[in-house]
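I opened this file to make notes on the fold and on one hairpin. The entries are in the order in which I looked things up.

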Amino acid sequence: MPEEQDRALKFEEVFHESRKHGKNYLLAIGIDKYLHCPKLKNAVKDAQAFIELMTTRFQFKEEHVSGLFDAEATRKNMINVFRDLAKRITADDNLLVYFSGHGHYDEVFDEGHWIPVDAKLEEEDEYFSYNKLVTIIRAIKSHHTFLIVDSCYSGSVFVGGDRSSVSERLE
């Protein structure tokens, strides 16, 4: 346990202004106005407040911040933003992803999802799967990648049927 604590990084140590190398990238996704799911009240506000916090208190420059809110937060747009980040981010850079919206857990495949703004209920093929997220994170060669997920089933992002650890699944 002490080894794990020694290796653990504090959020502020990674993203504080004193960081000299690399850039800090932020992708914030917030969805309130779902087309086929119950509406939410604070997801967009929370995502925008998080952007404000990160650009004022930490070393996040506006040109390295992306946001998808409500109608913009389709599965296609999420993949396109991540693809752009995978092309731009280097091994010296950090990535912080913030998602606030509905989630879904598929018991058949033991897999969680983010629900995009336009996805229909019970149409899992329209959702953004955690397996897709893991594939994307592997493709982004950042120094550090942090995920903050505020949705149902967000705890299952890296836990599948094999119950392997995050590092084992990303290797």
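The entries below go from the whole chain to a sheet and then to two loop residues.

**Entry 1: status of the model.** I note first that this is a predicted model.

**Entry 2: the chain as a whole.** I looked up the secondary structure and found six helices and seven strands in the protein chain. Reading from the N terminus, I wrote the order of elements down as α-α-β-α-β-α-β-β-β-β-α-β-α. I then checked burial: the chain has 171 residues, and 44% of them count as buried. For the surface, I have about 9,800 Å² exposed by the protein chain, with 50% of it supplied by carbon and sulfur atoms. I also looked at contacts between residues at least 6 apart in sequence; 69% of these join residues at least 24 apart.

**Entry 3: a three-stranded sheet.** In what order do the strands of the open sheet of three strands run? I read the order as E4-E5-E6, and the pairing is antiparallel. E4 and E6 (128-129) are at the edges with a single partner strand each, so each has one side without a neighbour in the sheet.

**Entry 4: the pairings inside that sheet.** I took E4 with E5 to begin. E4 covers residues 103-106 and E5 covers residues 111-114, and four bridges hold them in an antiparallel pair. Within this pair, I found Gly 103 bridged to Trp 114 of E5. Next I looked at E5 with E6, where the strands run antiparallel and are joined by two bridges. On that side His 113 stands opposite Ser 129 of E6.

**Entry 5: the turn of the hairpin.** How many residues lie between the strands in the hairpin of E4 and E5? I have four. Asp 110 is in this loop between E4 and E5. Its phi is positive, near 50 degrees, and Asp 110 is a residue other than glycine.

**Entry 6: another aspartate with positive phi.** I also looked up Asp 70, which is not a glycine and yet has a positive phi of about 45 degrees. Where is Asp 70 found? I placed Asp 70 in the loop between strand E2 (65-69) and helix H4 (75-88). Is Asp 70 buried or exposed? The relative accessibility of Asp 70 is 14%, and the cut-off for buried is under 20%, so I entered Asp 70 as buried.

Terms used: Residues are numbered from 1 along each chain as its sequence is written. This is a predicted model: local features need pLDDT of at least 70, side-chain atom pairs count only at pLDDT 80 or more; totals for chains, interfaces and linings use all residues. Side-chain values use heavy atoms; hydrogens and water are left out. Two strands pair if DSSP finds at least two bridges between them. Buried means under 20% relative accessible area, exposed over 50%, partly exposed in between (1.4 Å probe, protein chains only). Contact means heavy atoms within 4.5 Å. Accessible areas come from the Shrake-Rupley method with a 1.4 Å probe; for residues, only the protein chains shown count as cover.
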